[in-house]
Amino acid sequence: MMPMDRREPLDRIKSRRDSALAALVSGVPYLTWLGIRFDRRGDELTAILPYDEKLIGNPMLPAIHGGVTAAFLETTAIIELAWAAMWEDMESGRTVPDAAVAAGPPRLPKTIDFTVDYLRSGLPRDAYARARVVRSGRRYASVQVEAWQDNRARLMAQATGHFLMPQG
Amino acid sequence: MSETDQTRIAQQFIEAIPHARALGMRVDALGKGSATISMPWAEHLVGDPRSGVVHGGVVSALMDTSCGAAVMSHPSGPSSTATIDLRIDYMRSATKGQRITAKAECYHLTRTVAFVRAVALDEDEANPVAAATGAFTVER
């Protein structure tokens, strides 16, 4: 195993991490279709769902579709789980990042169940979400997710879900 | 109003919802507190590129729409509804290329809350893809 190199140039570290994240996200067509992006600060991810007319579920209010909110939260949970596993492999030197990118789409966790708690109706604005891996075992993982819009303290929705981790 | 008239009106209602239209949803049947809505498989909805299976979020959107339609079709005539909570159990992956159909039933309704359950099926109707249970608001 390759130990961390304290003298490795910062731009090289950043570009390695950013390209690993980009490979993970761009591998999922549905994410591209919804327009979901991920902002990275160290290992912390924030999912961003830019507003688009096709996300509307109630044209009268208007409000974002409950299914979109659920999809946004579920996606954030899945990417967070996959990213956490990738990060460990990458930082410990178990995988050479370029090889990981070339290996094709990463194996993603599968959703077992997902429960969304709708707290406020989604406004026709950008939405943000962060996931927290509550417990991640060899087989199963439990993840909690929060989504908000203008105000971090006023959640639009929260969710909790269980996932089957990819094997091998 | 005949059942087909009601289904046609429901289809117009669905088509007025941008996200339902974007996913290509179709109202197959509408009863008294029940709704069947389906949508086609599409490349851009894939969640796992290794298998070509649609993302769970797509199933959520279909489940949520069919549950909402089931509430709206209840004979007590709610004027609108919103999801309070929705739980989805994913039993298996939907088969690549096959249409997904959600059947929702509003099994209990109070003055303010509707309780709904739904199943999602692909062409193998004996083995459900997913099941959902949810609580919805009832606006009078």
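The following dialogue explains how to read several features of a predicted model.

Visitor: How are residues, chains and ligands labelled?

Guide: Residues are numbered from 1 along each chain as its sequence is written, while chains are lettered from A and ligands numbered from 1 in the order in which they are written. In this predicted model, local features need pLDDT of at least 70 and side-chain atom pairs count only at pLDDT 80 or more, whereas totals for chains, interfaces and linings use all residues.

Visitor: How many residues does each chain bring to the contact?

Guide: Two residues are in contact if their C-beta atoms, placed from the backbone, lie within 7 Å. Chain A brings 31 residues and chain B brings 31 residues. Helices (H or I, at least four residues) and strands (E, at least two) are DSSP runs, numbered from the N terminus. On the side of chain A that touches chain B, β5(A) gives the most, with eight residues.

Visitor: What is the make-up of that side of chain A?

Guide: Ala, Val, Leu, Ile, Met, Phe, Trp, Tyr, Cys and Pro count as nonpolar, Asp, Glu, Lys and Arg as charged, and the others, Gly among them, as polar. The side of chain A that touches chain B holds 16 nonpolar, nine polar and six charged residues.

Visitor: In which sense do β5(A) and strand β5 of chain B pair?

Guide: Two strands pair if DSSP finds at least two bridges between them. Here β5(A) and β5 of chain B (residues 83-90) are antiparallel, over five bridges. Val116(A) stands opposite Leu86(B) in β5(B).

Visitor: How is the packing of two helices read?

Guide: Two packed helices are described by the angle between their axes and the distance between the axes. Axes are lines fitted to C-alpha atoms, for helices over the stretch in contact, and angles run from 0 to 180 degrees between N-to-C directions. For α1 (residues 10-26) of chain A and α3(A), the axes come within 11 Å and cross at roughly 145°. Residues of α1(A), including Leu21(A) and Leu24(A), meet residues of α3(A), among them Ile79(A) and Trp83(A). The residues of this contact of α1(A) with α3(A) are nine nonpolar, no polar and no charged.

Visitor: Is Glu53(A) buried or exposed?

Guide: A residue is buried if 20 or more other C-beta atoms lie within 10 Å of its own, exposed if 12 or fewer, and partly exposed in between, with C-beta atoms placed from the backbone. Glu53(A) has 11 other C-beta atoms within 10 Å and is therefore exposed. Glu53(A) lies in the loop between β2 (44-49) and β3 of chain A.
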